[in-house]
Amino acid sequence: MCSIRWVRTATPLLMCIFCFNAHTVRSQDLEVKKLKALSMEELMEIEVISVSKRKEKILEAASAVQVITYEDIRNSGVTSLPEALTLATNLQVAQVNASQWAISARGFNNVLANKLLVLIDGRVVYTPMYAGVFWDVQNLVLEDIERIEVISGPGGTMWGANAVNGVINIITKNTRETQGLYAEAAAGTELRGLGSLRYGGKVSNKLSYRVYGTTFRRDNTIFRDSIEATDDWQIAQTGLRLDWEPTDNDAVTFQSNFYDDRPDPDGDHPVVARGSNALARWNHSVSERSDFQLQLFYDKTWRDFRNGFAEKLHTYDIEGVSRLALGKRHILMYGLGFRMMDHNVRNLELFAFKPAQKSLYLYNAFIQDEISLAKEKLRLTLGMKVERNTYTGFQYQPNVRLTWMASPSQTVWSAVSRAVRNPARIDAEFFLYFAPELPFIAGSDFQSEKLIAYELGWKGQTHHNLTLSVSAFYNRYDNIRSVEPGPPPFGIPVTFGNGVKGDTHGVELSLTYPVTSSWKLRLGYTYLNKDLKLKPGSADMNNGTAESNDPNHQALLQSTVQLFKGLRLGTVLRYVGRLPEPYISEHADLNVSIALKVTRRIELTVTGQNLLQDHHTEFIPNSPEPKDIERGVYGKLICRF
């Protein structure tokens, strides 16, 4: 019985590891004022790129997509990238301890969630160890974020494996928009300290740059008996970005980041996580309907869990995408990509990935045809991505979308998609031993998890300038990970299998309403129902319950009020329904942020977070002692020169 409980969440072994576990300042002000002054009609013209890898109006995008703008982030008082994602009502976001988060879309949420693809400026953030994201090393100066595009629903045709339940693309500002000196300093009860310094300049009218450095330290969470958990977290990061426009039809971007991280999720001793990355991208425009993009990136990470186990990962990625207009009715997109991940671990005697070093290869090609019908009011999109991975060979991810522009302010769309989650090293090559040569957990012939998704949505704007988006989905899953016992009489070794299947369905709603010229509301609601069961022949030790812990209901209300010149009030009220297993009661969070512009160059902000209760639990991983998130208050000083 103890062993069964230890194997909960189908990734308990990982929990053993991971629970160690060209403008001036004045022009920037003008840009902010310009955004505030946008009418709702103009806001519906905002372009997104994550749905189809090309710019398209959010109103016309045939997907459940939400955009978190720079203004939304600034007015909410959030202080980290995971906190900013709580503003997307089509995501499940829960804080586990000082440095760990559980983030997913449309269910299957866990600390080791593996069905959500995350990108930062087009660079995939991914670990092949468990097919997810280490959120403790994803750090940015929030002031530099232009927007966060959040797609709920499969994006496999465009983005490939692991874009099963959604895609998050964090897009930072062009260096032309971050000229001059920016400095911020913050301190408080939970955010113990934060400091950022960024400078942007120009080499010429066509070449601009920015360099930055940022660091923060966050206080411990607490156990339910109010004892400190000693899991405080600190990180330092620096980087640069260059933007060059050599011609009117070409744009080149180069960016690089370096970080040194000290998360301590288990409260015993900090994990050491260091890394660097570099990205280069060239965009060439032929016409309004034809263009080309070539992108290369390299990522290096090293993580020492301070128990003898460590991992090193080198990722090399190259991708080319072309868009070509074929007559008046067809827009053809196609592309090729290659990724190599060199993963090397330092094993323990009784805890090992075999082989210790493995090179993982991913080849892909995709093609998509967007066909205009019925005087361009009806649009049919047919797409297919073919991938070949090291573990399971070729995988196919087709997609069919139909978009009807019912009027200039209303769009109805539907989609049928197939997506897969490729095996990670944890699924196929992990071994845990009772004693040498006596495995408790052994590697297996794990196959890709599969999804067929059906979606229907409507988005539009009323005559009251209210913008509304509603989407419904029905997802059918197969080959979901299970924990299978070995042969009798002892039931060992335990292996990971594909013994769970099932379905989810739900509704997502988002609304934006300008009550007055100085008062804006954002509202979101998500309903999710999940029904998983064992496939014939499976003896899953968790009875199909271990892969996620999701609320049926969640809602968010964000309000931004310009009280008078120079004084702004932002509030975020968030409700999350109960989590079934491990059980966590429903809770509501309230954040309030007051910003005072002292001068044109200096701004003061005071923010209170989680104000409705002293502390609360948001998510319980495999650890028997859940950690609570406390109420916090911090003050911040911002200077622009």
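**Aromatic pairs, a nonpolar patch and a buried glutamate**

Phe292 is partly exposed, at a relative accessible area of 28%. The model is predicted. The ring of Phe292 pairs edge-to-face with that of Trp282, at 5.7 Å centre to centre and 70° between the planes. Trp282 belongs to strand β16 (residues 272–287) and Phe292 to strand β17 (residues 290–304), so the pair ties together parts ten residues apart in sequence. Trp282 is also partly exposed, with a relative accessible area of 36%.

The whole structure holds 16 aromatic pairs. Tyr199 and Tyr209 form a tilted pair. Their ring centres lie 6.5 Å apart, and the planes meet at 55°. This pair links distant parts of the chain, with Tyr199 in strand β11 and Tyr209 in strand β12 (residues 207–218), ten residues apart. Tyr199 has 41% relative accessibility and counts as partly exposed. Tyr209, at 24%, counts as partly exposed too. Elsewhere, ring pairs join Phe305, Phe309, Phe351, Phe353 and Phe430 into a cluster.

Tyr199 also contributes to a nonpolar patch on the surface. The other members are Leu181, Leu197, Val211, Leu240, Leu242, Phe254 and Phe641. Together the patch residues have about 660 Å² of accessible area. Strands β11 (191–204) and β14 (233–247) each supply at least two residues of the patch. Phe254 sits in strand β15 (residues 250–262). Its relative accessibility is 33%, so Phe254 counts as partly exposed. Patch membership requires over 30% relative accessible area, and Phe254, at 33%, therefore passes that cut-off.

Glu508 presents another setting. This residue is part of strand β29 (residues 495–516). Its relative accessibility is 5%. The limit for a buried residue is under 20%, so Glu508 counts as buried. Two polar contacts involve its side chain. One, of 3.1 Å, is made with the side chain of Arg106. Another, of 2.7 Å, joins Glu508 to the side chain of Ser152. Arg106 and Ser152 are also among the residues in contact with Glu508 once neighbours within four places in sequence are left aside. That set further includes Ala64, Asn90, Ser469, Val470, Ser471 and Phe473. Tyr525 and Thr526 complete the list.

Technical notes:
Residues numbered from 1 in each chain as written. Predicted model: local features only at pLDDT ≥ 70, side-chain atom pairs only at ≥ 80, totals over all residues. Heavy atoms only, no water. Patch = residues over 30% accessible without salt bridge, like charges linked within 9 Å, V, L, I, M, F, W, Y side chains within 5 Å. Areas by Shrake-Rupley, 256 points an atom, 1.4 Å probe, with all protein chains shown as cover. Salt bridge = Lys/Arg side-chain N within 4 Å of Asp/Glu carboxyl O. Helix = DSSP H or I, 4+ residues; strand = E, 2+ residues; numbered from the N terminus. Buried < 20%, exposed > 50% of the residue type's maximum accessible area, 1.4 Å probe, protein only. Polar contact = N/O pair within 3.5 Å; in protein donor to acceptor, adjacent residues only side chain to side chain. Contact = heavy atoms within 4.5 Å. Phe/Tyr/Trp six-rings, centres within 6.5 Å; stacked < 30°, edge-to-face > 60°.
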